[in-house]
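Q: Hi! Could you walk me through this model? I'd like to begin with its pockets.

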Amino acid sequence: NATTANATTANATTANDAELRTMLAQVTTATASAMLHKRGYPKTFMLGATPIQKGVRVCGRAVTLRLGPGRPDLATAEEDRNTKDPMWLAIKSLGDGDVLMIDCGGDQSGATTGDILAARIKRLGAVAIVCDGAVRDAAQIAEFVGIPFWSRGVQGLGFTPNLVSLDRDLPVRMFDVTVIPGDYILADDDGAVMIPAAMADESAEVGLEQEHKETFIRGLVQEGVPVSECYPPNKETLRKYEAWKKERGS
């Protein structure tokens, strides 16, 4: 019936998305941003997005939230926050593979997220948080919660009247990069990159090939081959690369 068919399609889409995110997570932000730049996307790398823990690379779909400078007339009453506040509604909407993108306009006067809230965000299935503002309890999030987190800085104060929730699920400006809901967000030790959903498949395919090629060339350089003889790769280097791939079965 129609219900079964829709459920089957949804499950297939979810599986394909998970596979795509896994592939993209094997690509560095440097490779992804360079590839997108060549294809007409000059503003994808989120300069200043700093990880609170090292050695992590993740990829997920953007769920957006925008905060602004505090105004008491825009603040949501505490008893209404679970049903009306954009921040809490955005968090409640999170699911498997999501990345919560918090646009604070660079304001670090109050931290948006501490270890308790981060634990809830992780429990809901989100794979990362990126905040164009400040994080609180960075050490606790890194050690005890374990959800990857990128921000402009760390702030001891929590969510203060200096910030107010404005809206969610709309385009946001993150570290001078426009992010829309559903974009793929790739983040690693270097920072974070926005990958438009329409470019995700190509980014995964081309990005993985570039990573393999650079692994091979780096090996040549480590063996003593001068950079001038192998990078950018000439015909002979590419011939050796193809042979190397064949030996590895890749």
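## Pockets, cores and a helix

A: Happy to. The model is a predicted one, and its largest pocket is lined by 28 residues, with R81, M87, W88, F159 and T160 lying nearest the centre.

Q: Which elements give two or more residues to that lining?

A: Those are α4, β4, α5 and β7, the last covering 163-168.

Q: And what volume does the largest pocket have?

A: About 540 Å³.

Q: How do its lining residues divide into nonpolar, polar and charged?

A: The lining has 13 nonpolar residues, 8 polar ones and 7 charged ones.

Q: OK, what about the second largest pocket, how much space lies in there?

A: About 200 Å³. Its lining consists of T31, A34, M35, K38, R39, V206, G207, Q210 and E214.

Q: Which elements supply at least two residues each there?

A: α2 (29-38) and α7 (200-222). By type, this second lining splits into 3 nonpolar, 3 polar and 3 charged residues.

Q: Let's go back to α5, since you named it for the big pocket. Which of its residues are buried?

A: L117, A118 and I121 are buried in α5. Looking down the helix axis, the buried residues of α5 fall within an arc of 100 degrees, so they line one face of the helix.

Q: What does the face turned away from the buried side carry?

A: There you find the exposed residues I116 and R123.

Q: What covers the buried residues of α5, then?

A: The cover includes α4, β3, β4 (111-113), β5 and α6.

Q: And what follows α5?

A: G125 comes after the helix, and its phi is positive, near 110 degrees.

Q: Switching to the cores: how many residues has the largest nonpolar core, and which have the most contacts inside it?

A: That core has 23 residues, and those with the most contacts inside it are L100, I102, I121 and I147. At least two of the core's residues come from each of β2 (58-69), α4 (86-92), β3 (98-103), α5 (115-123), β5 (128-135) and α6 (138-145).

Q: So I121 turns up again. What does I147 touch, leaving out residues up to four places away in sequence?

A: I147 touches I121 itself, and A118 as well, both of which are buried in α5. Its other partners are Q53, K122, A126, V127, A128, I129 and I141.

Q: What other core lies apart from the largest one?

A: There is another of 18 residues, and M46, V130, W150 and V172 are among them.

Q: New topic: where does L157 lie?

A: L157 is in the loop between β6 (149-154) and β7. Setting aside neighbours within four places in sequence, L157 contacts S109, G110, A111 and R136.

Q: How far apart are L157 and E205?

A: They are 48 residues apart in sequence, and their C-alpha atoms are 43 Å apart in space.

Q: Last one, for the whole chain: how many helices and strands does the secondary structure come to?

A: It comes to 8 helices and 11 strands. The chain has 250 residues, 44% of which count as buried, and its C-alpha trace spans about 70 × 55 × 35 Å along the principal axes.

Q: And what share of contacts with a separation of 6 or more is between residues 24 or more positions apart?

A: Such pairs account for 75% of those contacts in the chain.

Definitions and conventions:
Residues are numbered from 1 along each chain as its sequence is written. This is a predicted model: local features need pLDDT of at least 70, side-chain atom pairs count only at pLDDT 80 or more; totals for chains, interfaces and linings use all residues. Side-chain values use heavy atoms; hydrogens and water are left out. A nonpolar core is a set of buried Ala, Val, Leu, Ile, Met, Phe, Trp, Tyr and Cys residues joined through side-chain atoms within 4.5 Å. Buried means under 20% relative accessible area, exposed over 50%, partly exposed in between (1.4 Å probe, protein chains only). Helices (H or I, at least four residues) and strands (E, at least two) are DSSP runs, numbered from the N terminus. Contact means heavy atoms within 4.5 Å. The arc is that of the directions from the helix axis to the C-beta atoms. On a 1 Å grid over the protein atoms alone, a cavity is a set of points where a 1.4 Å probe fits but cannot get out, and a pocket is an open set with protein on both sides within 12 Å along at least five of seven lines; lining residues have an atom within 4 Å of a point. Grid points are joined across faces, edges and corners, and a volume is the space filled by probe spheres set on the points. Ala, Val, Leu, Ile, Met, Phe, Trp, Tyr, Cys and Pro count as nonpolar, Asp, Glu, Lys and Arg as charged, and the others, Gly among them, as polar.
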